[in-house]
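Let's take a walk through this structure together. Keep the view open beside you and follow along.

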Amino acid sequence: FSVDGVPLGYIQCWFIGPHQTPEWAADNPWLMELPSDTVGVDLSIGDPQRLGQGIGTAVLKAFVQRLRGEGHTNII
């Protein structure tokens with residue numbers, strides 16, 4: 001994602017269902033407690049000077065709104 005045309009970080013989603021296997025569950029047992037249609041979200045801001053400015057919160061809110069608009073109801 002970018003703010004005012006400046007790249008600041010990334011956000012992505014991944015689907016839990018394909019990772020609900022014995023191999024993944026061995027190291028991540030919490031995966032098995034979630035509905036298989038759950039979407040996980042990863043967010044990273046690259047420049048430490050931009051932390052604590054509300055950027056991550058704003059990006060996450062917009063991304064979750066988009067995911068909800070696509071019909072996802074279980075998001076972590």
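L8 is buried, because its relative accessibility is just 6% and the cut-off for buried is under 20%. Keep in mind as you look that this is a predicted model. You'll find L8 in the loop between β2 and β3. What does L8 touch, once its neighbours within four places in sequence are left aside? The list runs F1, S2, V3, S44, I45, G46, D47, R50 and I55. So that you can place one of these partners in space, take R50: L8 and R50 sit 42 residues apart in sequence, yet their C-alpha atoms are 8.1 Å apart, and the cut-off for a contact is heavy atoms within 4.5 Å.

Now hop over to R50 itself. R50 lies in the loop between β4 and α2. Is R50 buried, exposed or something in between? With a relative accessibility of 25%, R50 counts as partly exposed. Setting aside residues within four places in sequence, R50 makes contact with V3, L8, I45 and I55. V3, I45 and I55 also turn up among the contacts of L8.

From here we can step into the core. The largest nonpolar core has 9 residues: L8, I11, V39, V41, I45, I55, V59, F63 and L67. β4, which spans 39-45, and α2, which spans 55-69, each bring at least two residues to this core. Which element gives the largest share? That's α2, with 4 residues. Why might such residues gather? In soluble globular proteins, nonpolar side chains tend to be buried together. F63 is a good member to click on: not counting residues up to four places away in sequence, F63 touches I11, Q12, C13 and V41. Of these partners, I11 and V41 are listed as core residues too.

Let's zoom out for a moment. The chain has 2 helices and 4 strands, and starting from the N terminus the order reads β-β-β-α-β-α. So how spread out is the chain? Its radius of gyration is 15 Å, while a compact globule of 76 residues would come in near 11 Å. Along the principal axes, the C-alpha atoms fill a box of roughly 40 × 30 × 15 Å. Of the 76 residues, 22% count as buried. Among contacts with a separation of 6 or more, 62% are between residues 24 or more positions apart.

The outside has its own story. About 5,200 Å² of the chain is exposed, and carbon and sulfur atoms supply 54% of that. As for charge, the chain has 4 positive and 8 negative ones. Take the mean position of each set, and the two points are 14 Å apart.

Time for a few stops along the chain. D4 sits in the loop between β1 (2-3) and β2 (6-7). D4 is exposed, because its relative accessible area is 78% and exposed means over 50%. What is the phi of D4? Near 55 degrees, a positive value in a residue other than glycine. For context, most residues other than glycine have a negative phi.

Further on, look for P18 in the loop between β3 (9-15) and α1 (22-27). P18 also counts as exposed, with a relative accessibility of 60%. P18 and D37 are 19 residues apart in sequence, and their C-alpha atoms are 9.5 Å apart in space.

Our last stop is H72, in the segment after α2. Buried or exposed? H72 counts as buried, because its relative accessibility is 18% and the limit is under 20%. Leaving aside residues within four places in sequence, H72 is in contact with F15, V39 and L67. V39 and L67 bring us back to the core, as they both belong to that set of 9 residues.

Note on methods:
Residues numbered from 1 in each chain as written. Predicted model: local features only at pLDDT ≥ 70, side-chain atom pairs only at ≥ 80, totals over all residues. Heavy atoms only, no water. Core = buried A, V, L, I, M, F, W, Y, C linked by side-chain atoms within 4.5 Å. Buried < 20%, exposed > 50% of the residue type's maximum accessible area, 1.4 Å probe, protein only. Rg over C-alpha atoms; globule rule 2.2 N^0.38 Å. Areas by Shrake-Rupley, 256 points an atom, 1.4 Å probe, with all protein chains shown as cover. Lys, Arg positive; Asp, Glu negative; His and termini not counted. Charge placed at Lys NZ, Arg CZ, Asp CG, Glu CD.
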